[in-house]
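This report deals with the nonpolar core and the aromatic pairs. The sequence and the structure come next.

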Amino acid sequence: MKIPLFSIFGCILLLFYGNVGGNKLPAPLLDNQNAPLVAMVDMSSADEHVKQYVNDAIKTKMSQLVTTKLGEVLESLKLEEKLERYIDQVKQNLTLDVTDDIKRIVDESITAKAPKTIPAFTAILTKTFKPGPHDVIKFDSVKTNIGGSYSANTGVFTVPQSGLYMISATIRSWGGQNIHCQLAVNDQSYAPIFGTNWSEGAISIAIQLTKGDRVCVRNDASNRSETVTGDTWSMFSGFLIQ
């Protein structure tokens, strides 16, 4: 009699209990009269196939699992590497910022404590001469010139920085003569200076000046023939108050 099929029950026994009587497994069958029969089915080949299938399935699953976990690990390493690079950049930027801040603070401190240069000058006239109308008196012997803003060649003090200045001038007249001069700012008369018969005309004023202003002592516009006494008797001076 041919066996049409082994039972599902037999397969289950094979998977969970292994071999019975070597590689033989009893399988319940029915004949054409529905009478129970028992036949022995050779399960050697089936057993090997099942084992191979299980092994292959395990290997595939393990391979997938390993691949997935390895990918996760690699991705984690990439993230950690990126994070480390970011932290290094932050540290570097922080160091640069802190360094710049420290340098700025130190520079500001040094600048604040360093003595400030106060523009100041004093010049005297060594030669006696007769100036023409509006001629600038060129005080030729410079005694003080902090900041270098006074020019003996032109007789002009060029204001180096805006502020309140003290400006002074002394002009000595010649014997038996008058002398008419003026303090001028940017070629405009600011205050008169007068002396007569060896006397000295003097002026000393506090004046608000702007950087670039030109200050000098000059003869007035008259055509009078007057002499300015030199020999250190006449002088021009100024300094920044604040």
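Is Phe-236 buried or exposed? Phe-236 is buried, with 0% relative accessibility; buried means under 20% relative accessible area and exposed over 50%, with partly exposed in between (1.4 Å probe, protein chains only).

The model is predicted: local features need pLDDT of at least 70 and side-chain atom pairs pLDDT 80 or more, while totals for chains, interfaces and linings use all residues. Residues are numbered from 1 along each chain as its sequence is written, and side-chain values use heavy atoms, without hydrogens and water.

The largest nonpolar core (buried Ala, Val, Leu, Ile, Met, Phe, Trp, Tyr and Cys residues joined through side-chain atoms within 4.5 Å) has 27 residues. Phe-139, Tyr-165, Ile-171, Val-215, Val-217 and Phe-236 touch the most other members. Strands that each supply at least two residues of this core include strand 3 (120–124) and strand 13 (235–240); strands are DSSP runs of E, at least two residues, numbered from the N terminus.

The structure holds 7 aromatic pairs. Rings of Phe, Tyr and Trp (its six-membered ring) pair if their centres lie within 6.5 Å; planes under 30 degrees apart are stacked, over 60 edge-to-face, the rest tilted. Two pairs share Phe-121:

| Pair | Centre to centre | Plane angle | Type |
|---|---|---|---|
| Phe-121 and Phe-157 | 4.6 Å | 25 degrees | stacked |
| Phe-121 and Phe-236 | 5.0 Å | 75 degrees | edge-to-face |

Phe-121 lies in strand 3 and Phe-236 in strand 13, so their pair ties together parts 115 residues apart in sequence. Phe-121 is buried, at 1% relative accessible area.

How values were computed:
Helix = DSSP H or I, 4+ residues; strand = E, 2+ residues; numbered from the N terminus.
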